[in-house]
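Me: I have a structure to go through and a few short questions about it. Can we take them one by one?

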Amino acid sequence: MLYLIPALPFFSALLLILGWRTFSRTTVSVIGCGSIGISALITLAQGWQFLQSGHDSMVQHLWTWVQSGSFNAGMDLRLDALSLAFVFVITFVGFLIHVYSTGYMADDADYGRFFACMNLFVGAMLMLVLADNLLLLYLGWEGVGLCSYLLIGFWYKDPANGYAARKAFIVTRVGDTAMAIALFMLFQYTGSLQISSILEKAPGMWTTGHATVVLIAFLLLGGAVGKSAQLPLQTWLPDAMAGPTPVSALIHAATMVTAGVYLVARTNVLFDLAPAAQTAVAVVGAATLLLAGCSALVQKDIKRVLAYSTISQIGYMFLALGVGAWSAAIFHFVTHAFFKALLFMGAGAVIVALHHEQDMFKMGGLRKSLPGVFRVFLIGSASLAALPFITSGFYSKDQIVWLAWSSAKGHTAYWVIALAGAFLTAMYTFRMVFLTFYGSYRGHAAPHTPGSSMMIPLYILAFLSTVAGFVELPHTLGHVTLFSDFLQPILPAVQMLQESTALEWTSQLLAAGLTFLGIYIAWVWVIQQPDGMRRFAEMPFMQWLRGFWYKGWAFDELYNELLVRPFVRTARLNRRDLVDKVYTTLARVTEWCHDALARTQSGLLRWYIMGVLIGAVLILSVLIWRIYI
Amino acid sequence: MMNIHPTTAGMTLAGILFVLGLISILIRRNLIFMLLSVEIMLNAAGLAFIVASSHWAQPDGQVMFMFILAMAAAEVSVGLALILQLFHQLKTLDSDEASRMRG
């Protein structure tokens, strides 16, 4: 029955691709949402069965995909705790986003195409996380990349959207290439692409820190960094917001961008063997979370704030992976999927209510006109900002902050950065909330309330964003470890350097205090002292800094200068195609010979006779010469 | 008078006749004269056959000349017909005018 989970979305995608022009909107909605809904129910049944069975994993062999010599890749699906966590999030959050989309996209002419792509995406993503071998994983990996491209460029009539789609595709391709090389190397050394057999063989093959395994881990990290929009390949995600908002919620917040986290967690044995690569994971995560947090602070577009915040939150997950806190990263993935999907869809509701206005400086005061959206958005924001005790974000992020310090691979610097990130998160989140929902309305269009198909998924996600945190509570607060116990068979427990309740309390109180401080500063900044803050922001240095952060630390300019420009210049040099020159010359010579010969066709009979004569004389001369001399 | 072998003399005459015909076909532009020149060349070849046949005392050469005569008759009739047609078209007998198929 496991195969049905990815098969249903694939099947409905096929159905919609073939028939969306003839189906009515209701049919499209039923097929599009229904398939994901049934998948979600099957996931529940399968998950229950899996938990009852007590096995570490269950594998379903469908058929052999590629068989060549010793190489063997099967269509094998594997369900274990890690993939179950991902499948659960993908199908359930995916289903809610699909239901939401029926409301959000209701007026779109390409309604069917949208659902076809969304279903294809869900299918590919499920393939990615259920794959038993890396080749199948790569199939899903590329599949989600394709769907991401299709959906970012969904409104393809605007060239800017097409550009954003191409940018996302090409930038992630850089990471994908690194990952493909890692796969080749893994096959070369271990003779297999099956994940479990690689992970079994690896410790016996390589000593810790062996150059080969470090290289492989770095290449895998390259793939993960591309897909998860981490430094230095993060530039595509803010532009990916060109797609419809449900796409941003599903692909560019909840699921696809966390594929990198999944990949690193899945191959945790390799990273354990390569301490340098694992440190790089932590450094990348720490740097990204700080960078993206700063950028989120100065954005105007509500979706770009959320995009940078997504980059920053995935940075937390990478930091957790880098310090060996595997289950903490996956826990943060789950809670992040809930509250970020909620925030994106809440932002989508606001955008639709204001007739596709995304600039926060043209919103304001929506607390009164959109009370339902305000409430759920506030719950999501509180979770993102990790408001203590009542939100899931607090429990998942706090765990990462604490482990960044206390884990055997942790470091005080990570801890400080994580705390600074928590402060930034609270600040930019509530800056967004205050700008959007408080103060007075600065726009023109009259807001209209979104329909129930959009609101019900929001309520469900708001509920999940609150309660999802209670499956894993820290030592200091009840000590519940349901989630990490559940992942125990797949992901090793974090090795602690120090276990001091007092220090943990300090860390938590500090994080909570910083959250409140961030919210307070946002309050002062936006509501209480906007003029004072404006004067502060208009100081020359601050203005420069604001512009710099607004552009995402000018990474786009840097890549333009370093890569795009030289490439375009080279392309321009080669505009007349140097290789082609050889062939055009050949053609030119042939043509010239042809002209010369054609000139002998003078049409004058006597010339021809002369030709015959000369030929005859030559032949005779040769013959005579051959015979007599 | 030097003592010249009759075969050599005959062959020389045939050669002179052939070259005469060849030169006249090259320098003449009138189609009738070109046809005549072809005839001269044919007859030069025929003379060479007869001389050779008398040299070897074999009849084959003379048989060959019969064939050449028959072929020349056919060739002249076809040639004259072509010249007539050409004259109808071009109103001239200049062979250089008939150069419409130049490359």
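What follows is a chat about this predicted model.

Me: Start with chain B. Which residues does UniProt list as "transmembrane region"?
Reply: The unreviewed UniProt entry lists residues 6–27, 34–57 and 63–84 of chain B under that name.

Me: What is the helix and strand content of residues 63–84 of chain B?
Reply: That span is 100% helix and 0% strand. Its end C-alpha atoms are 32 Å apart.

Me: And residues 34–57 of chain B? How far apart are the end C-alpha atoms there?
Reply: They lie 34 Å apart, and the span is 96% helix with 0% strand.

Me: How many residues of chain B are in contact with chain A?
Reply: Ten residues of chain B, which meet eleven residues of chain A. On the chain B side, four are nonpolar, three are polar and three are charged.

Me: Switching to chain A. What does UniProt list for residues 65–115?
Reply: The unreviewed entry gives "domain: NADH-Ubiquinone oxidoreductase (complex I) chain 5 N-terminal". In the model, residues 65–115 of chain A are 57% helix and 27% strand, with the end C-alpha atoms 28 Å apart.

Me: How many residues are in the largest nonpolar core?
Reply: It has 213 residues. Leu319(A), Ala320(A), Ala329(A) and Ala341(A) have the most contacts inside that core.

Me: Which helix gives the most to it?
Reply: Helix H15 of chain A, residues 326–353, with 20 residues in the core.

Me: Back to Ala320(A). What is it in contact with, leaving aside neighbours within four places in sequence?
Reply: Ala320(A) is in contact with Ala325(A), Ala328(A), Ala329(A), His332(A), Ile400(A) and Leu403(A).

Note on methods. Residues are numbered from 1 along each chain as its sequence is written. Chains are lettered from A and ligands numbered from 1 in the order in which they are written. This is a predicted model: local features need pLDDT of at least 70, side-chain atom pairs count only at pLDDT 80 or more; totals for chains, interfaces and linings use all residues. UniProt positions are given in the numbering used here, feature names are shortened, and annotations may be inferred rather than shown by experiment. Helices (H or I, at least four residues) and strands (E, at least two) are DSSP runs, numbered from the N terminus. Two residues are in contact if their C-beta atoms, placed from the backbone, lie within 7 Å. Ala, Val, Leu, Ile, Met, Phe, Trp, Tyr, Cys and Pro count as nonpolar, Asp, Glu, Lys and Arg as charged, and the others, Gly among them, as polar. A nonpolar core is a set of buried Ala, Val, Leu, Ile, Met, Phe, Trp, Tyr and Cys residues joined through C-beta atoms within 7 Å. A residue is buried if 20 or more other C-beta atoms lie within 10 Å of its own, exposed if 12 or fewer, and partly exposed in between; C-beta atoms are placed from the backbone.
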